[in-house]
Amino acid sequence: MTSPALAPLVGLPRSALGALRTALLRDAGWSYVGWLTETGWAGGADVAQAFAEWLPAQGEPRSIDTLDAATFQRHAGIFFAAIGWGTLQIGTLGPGLLTLDSPDWAEADPAAQLPYPGCYVSGGLFGAFFSTIGGVTLTAMEVECRSTGAARCRWLLGSPAAIQHVYDAMAQGVPYADAAATVPAP
């Protein structure tokens with residue numbers, strides 16, 4: 001029986017995410033990126049609501065906005081694994097940036113051998129999920145991806161300005177960790 005907290009969510013096989021990305025890349029080229037990101041963003045608030053409703057079943061009596069960082073991070077990791085996305089570890093990198101790391105993320109496909117990170121649904125989902133939880137607009141950008149041969153998927157999460165700063169530096173050939181270290185303090 002499905003938990004009422006998870007009722008707004010649907011199951012989708014990992015293979016379906018990979019097939020969708022493959023078909024879009026084949027038929028639309030890299031312009032598909034925005035479509036998948038927007039798709040993820042559209043569901044992020046519902047996933048955040050499901051997370052908030054799921055917490056009490058985990059023995060967490062406090063509301064989501066009163067959780068300390070370590071408790072939130074632990075529960076978020078458990079939640080995303082429980083709903084089938086994979087393990088998730090939350091950390092920090094540079095001023096105002098969080099890292100979201102997973103060695104087994106559902107949207108990634110190591111056989112895809114993409115030239116760029118490819119978990120765009122997840123990037124949109126994370127942006128909306130954490131924006132809803134935090135009450136401020138946040139953006140997620142994948143900087144490592146198992147679909148490119150990396151050992152993990154890694155997203156940077158921060159303000160749109162911070163993510164744009166990292167993106168612009170990366171476009172100039174600066175490694176993302178170096179760019180993150182130069183993000184202006186929030």
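## Helix packing and four residues in a predicted model

At 41% relative accessibility, Arg-14 counts as partly exposed. This residue belongs to helix H1. Setting aside residues within four places in sequence, Arg-14 is in contact with two short runs: Gly-84, Trp-85 and Gly-86, and then Asp-104, Trp-105 and Ala-106. Leu-100 sits 86 residues from Arg-14 along the chain, and the C-alpha atoms of the two are separated by 19 Å. Keep in mind that all of this comes from a predicted model.

Helix H1 covers residues 14-28, and Arg-26 is in there too. Arg-26 is exposed, because its relative accessible area of 59% is over the 50% cut-off. Pair Arg-26 with Tyr-167, 141 residues away along the chain, and you get a C-alpha separation of 25 Å.

**The whole chain**

Stepping back, the secondary structure of the protein chain adds up to six helices and four strands. Going along the sequence, they come in the pattern α-α-α-β-β-α-β-β-α-α. The radius of gyration is 16 Å, close to the 16 Å that the globule rule gives for 186 residues, so the chain is as compact as a globular protein of that length. If you want a box for it, the C-alpha atoms fill roughly 45 × 40 × 25 Å along the principal axes. Of the 186 residues, 41% are buried. As for contacts with a separation of 6 or more, 59% of them link residues 24 or more positions apart.

**How the helices pack**

Two packed helices are described by the angle between their axes and the distance between the axes. Here are the values for three pairs that involve H2.

| Helix pair | Axes come within | Crossing angle |
|---|---|---|
| H1 and H2 | 9 Å | roughly 145 degrees |
| H2 and H3 | 11 Å | roughly 110 degrees |
| H2 and H4 | 6 Å | roughly 40 degrees |

Take H2 and H4 to begin with. H2 runs over residues 32-54 and H4 over residues 120-134, with axes that cross at roughly 40 degrees. That angle makes H2 oblique to H4, and H2 passes H4 in a right-handed crossing. On the H2 side, the contact is made by Tyr-32, Val-33, Leu-36, Thr-37, Gly-40, Trp-41, Gly-43, Gly-44, Ala-45, Val-47, Ala-48 and Phe-51. H4 brings Tyr-120, Val-121, Gly-124, Leu-125, Gly-127, Ala-128, Phe-129, Ser-131, Thr-132 and Ile-133. Sorted by class, the contact of H2 with H4 has 14 nonpolar, eight polar and no charged residues.

Now H2 and H3, whose axes cross at roughly 110 degrees. That makes H2 roughly perpendicular to H3, and H2 passes H3 in a right-handed crossing. In this contact Val-47, Ala-50, Phe-51 and Trp-54 of H2 meet Phe-72, His-75, Ala-76, Ile-78, Phe-79 and Phe-80 of H3. The split is nine nonpolar, one polar and no charged.

That leaves H1 and H2, with axes that come within 9 Å. H1 supplies Leu-20, Arg-21, Leu-24, Leu-25 and Ala-28, and H2 supplies Tyr-32, Trp-35 and Leu-36. By class, the contact of H1 with H2 holds seven nonpolar, no polar and one charged.

**Two buried residues**

His-75 turned up in the meeting of H2 with H3, so what does its own surrounding look like? Its helix is H3, residues 69-82. His-75 is buried because its relative accessible area of 6% is under the 20% cut-off. Beyond its neighbours within four places in sequence, His-75 is in contact with Phe-51, Trp-54, Leu-55, Gln-58 and Glu-60. Phe-51 and Trp-54 in that set are among the H2 residues that meet H3.

For a residue in a strand, look at Thr-99, which lies in strand S2, residues 98-102. Thr-99 is buried, with a relative accessible area of 2%. Not counting residues up to four places away in sequence, Thr-99 touches Gln-89, Ile-90, Gly-91, Thr-92 and Leu-93, along with Arg-154, Trp-155 and Leu-156.

Terms used:
Residues numbered from 1 in each chain as written. Predicted model: local features only at pLDDT ≥ 70, side-chain atom pairs only at ≥ 80, totals over all residues. Heavy atoms only, no water. Buried < 20%, exposed > 50% of the residue type's maximum accessible area, 1.4 Å probe, protein only. Contact = heavy atoms within 4.5 Å. Axes fitted to C-alpha atoms, helices over the stretch in contact; angles between N-to-C directions. Parallel < 35°, antiparallel > 145°, perpendicular 65-115°, else oblique. Left-handed = near helix turned anticlockwise from the far one by under 90°. Nonpolar A, V, L, I, M, F, W, Y, C, P; charged D, E, K, R; others polar. Rg over C-alpha atoms; globule rule 2.2 N^0.38 Å.
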